[in-house]
Amino acid sequence: MATALHNLSDYDSSKVPDASNMCFGIVVAEWNPEITGALLNGAVSTLERHGCLPENIHVKTVPGSFELIYGAHQMTLNDGYDAIIILGSVIRGETPHFDYICQGVTQGIAHLNATSAIPVIYGLLTTDDLQQAKDRCGGRLGNKGDECAIDAIKMAKF
């Protein structure tokens with residue numbers, strides 16, 4: 001469903017499992033920190049709201065969105081996580097760099113999901129401009145970090 005038709009922070013909390021016995025890894029890109037920081041805050045607060053203890057949320061940073069693949073892969077090698085969340089933001093520029101990064105991260109995370117025993121939740125914003133990113137990291141369309149946290153809890157119980 002298109003984000004314009006669905007607020008990223010809206011969900012039925014009665015359908016979310018208890019996360020009190022779960023442990024999550026979050027890999028967040030340092031690039032576009034205003035956006036990725038807001039995504040991270042949304043994810044962490046949502047995990048905690050559903051019972052996850054703060055000490056069971058492990059955050060690692062990577063320089064940019066392409067490095068999210070490596071960071072997530074390293075976390076999948078740790079048998080202590082129930083799910084991994086990747087958070088990043090790529091905003092279209094004047095060169096094809098946007099297309100290569102978005103495609104590479106998407107393929108890399110898909111590969112991790114197909115080959116590892118731990119679900120990796122895709123939280124990469126791919127927007128045409130900064131305002132679209134702001135709208136999706138706590139603005140008028142909610143916070144993709146919230147949505148990723150809910151997905152992580154549900155997939156950990158899959």
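This section describes two helix pairs, a pair of strands and a loop residue in a predicted model.

Two packed helices are described by the angle between their axes and the distance between the axes. For helix H1 (residues 33-49) and helix H5 (residues 144-156), the axes come within 7 Å and cross at roughly 40°. Because angles under 35 degrees count as roughly parallel and those of 65 to 115 as roughly perpendicular, this crossing makes H1 oblique to H5. The crossing of H1 with H5 is right-handed. On the side of H1, the contact is formed by Leu 39, Gly 42, Ala 43, Thr 46, Leu 47 and Arg 49; H5 contributes Lys 144, Gly 145, Asp 146, Ala 149, Ile 150 and Ile 153. By class, the residues of this contact comprise six nonpolar, three polar and three charged.

The second helix pair consists of H2 (68-76) and H3 (residues 97-115). Their axes come within 9 Å and cross at roughly 15°. As angles under 35 degrees count as roughly parallel, H2 and H3 are therefore assigned as roughly parallel to each other. This crossing, too, is right-handed. From H2, the residues Ile 69, Ala 72 and His 73 meet Gly 104, Val 105, Gly 108, Ile 109 and Leu 112 of H3. The contact of H2 with H3 contains five nonpolar and three polar residues, and no charged residues are present in it. In the contact of H1 with H5, by contrast, three residues are charged.

Strands S3 and S4 were examined next. Strand S3 (residues 83-91) runs parallel to S4, to which it is joined by eight bridges. One of the pairings links Ile 86 to Tyr 122, its bridge partner in S4. Strand S4 (residues 120-127) is mostly covered, with six of its eight residues buried.

Ser 65 lies in the loop between strand S2 (57-62) and helix H2. Its relative accessible area is 6%; since buried means under 20% relative accessible area, Ser 65 is classed as buried. Apart from neighbours within four places in sequence, Ser 65 is in contact with Ala 29, Gly 88, Ser 89, Val 90, Ile 101, Val 105 and Leu 124. Among these partners, Gly 88, Ser 89 and Val 90 fall within S3 (residues 83-91), and Leu 124 falls within S4 (residues 120-127). Ile 101 and Val 105 belong to the range of H3 (residues 97-115), and Val 105 also takes part in the contact of H3 with H2.

Conventions. Residues numbered from 1 in each chain as written. Predicted model: local features only at pLDDT ≥ 70, side-chain atom pairs only at ≥ 80, totals over all residues. Heavy atoms only, no water. Axes fitted to C-alpha atoms, helices over the stretch in contact; angles between N-to-C directions. Helix = DSSP H or I, 4+ residues; strand = E, 2+ residues; numbered from the N terminus. Parallel < 35°, antiparallel > 145°, perpendicular 65-115°, else oblique. Left-handed = near helix turned anticlockwise from the far one by under 90°. Contact = heavy atoms within 4.5 Å. Nonpolar A, V, L, I, M, F, W, Y, C, P; charged D, E, K, R; others polar. Buried < 20%, exposed > 50% of the residue type's maximum accessible area, 1.4 Å probe, protein only. Pairing = 2+ DSSP bridges.
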